[in-house]
Amino acid sequence: MQYSEKVLDHFQHPRNVGEIPDASGVGTVGNAKCGDIMQMFLKINDDEIVEDVKFKTFGCGAAIATSSMATELIKGKPLAEVEQLTNEAVVEALEGLPPVKIHCSVLAQEAVQAAIADYRAKKENKQKEEAPKAE
Ligand code: FES
């Protein structure tokens, strides 16, 4: 199996590994077939900019490389742009992945989307709590 230099680099030196304790949104996704799990933490500011992002991946080398690259692609970006992140963009930034490893990049895309969904749900709940109750 051939891996690009970029994949090997991100696998050996993953960027943005860890957790954000007060994350605005957390997404956890897994692949039932391979059993790999990915967790993405987003810190989103009031202007809806992804200020910080961290990840934890229990999985294969390609899953680590794709989640690492995904964090690099979304850090400092507006949420509207981050929402558009596709697994193809992650694969392209990594200069390709072997076909059997494409699903690892899908996991990275899903983890980002799950974290955004969590952020939106939390925001909605907060707005409901803060809304004045009807008399
Ligand atoms: S083998 Fe399943 S995420 Fe890589």
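Here are legends for a few close-ups of this structure, which is a predicted model.

**View A. The sheet: three strands in an open arrangement.**
The strands line up in the order 1-2-3, and their pairing is antiparallel. Strand 1 (25-30) and strand 3 (50-58) each have a single partner strand, so they sit at the edges with one side lacking a neighbour in the sheet. Going from one strand to the next, the twist averages 15°.

**View B. Strand 2 alongside strand 3, with two helices packed on the sheet.**
Eight bridges link strand 2 (residues 37-44) to strand 3 in the antiparallel sense. Look for Ile37, which stands opposite Phe58 of strand 3. Helix 2 (residues 61-74) packs on the sheet and touches strand 2 and strand 3; its direction makes about 175° with that of strand 3. Helix 5 (residues 102-130) packs on the sheet too, touching strand 1 and strand 2, and its direction is at about 140° to that of strand 1.

**View C. Asn16, a non-glycine residue with a positive phi.**
Most residues other than glycine have a negative phi. Asn16 has a phi of about 60°, and you'll find it in the loop between helix 1 (5-12) and strand 1. It counts as partly exposed because it has 18 C-beta neighbours inside 10 Å, while a buried residue needs 20 or more.

**View D. Glu95, in the loop between helix 4 (87-93) and helix 5.**
Here too phi is positive in a residue other than glycine, with a value near 60° for Glu95. Glu95 has 11 other C-beta atoms within 10 Å, so it's exposed; the cut-off for that is 12 or fewer.

Definitions and conventions:
Residues numbered from 1 in each chain as written. Predicted model: local features only at pLDDT ≥ 70, side-chain atom pairs only at ≥ 80, totals over all residues. Pairing = 2+ DSSP bridges. Helix = DSSP H or I, 4+ residues; strand = E, 2+ residues; numbered from the N terminus. Axes fitted to C-alpha atoms, helices over the stretch in contact; angles between N-to-C directions. Contact = placed C-beta atoms within 7 Å.
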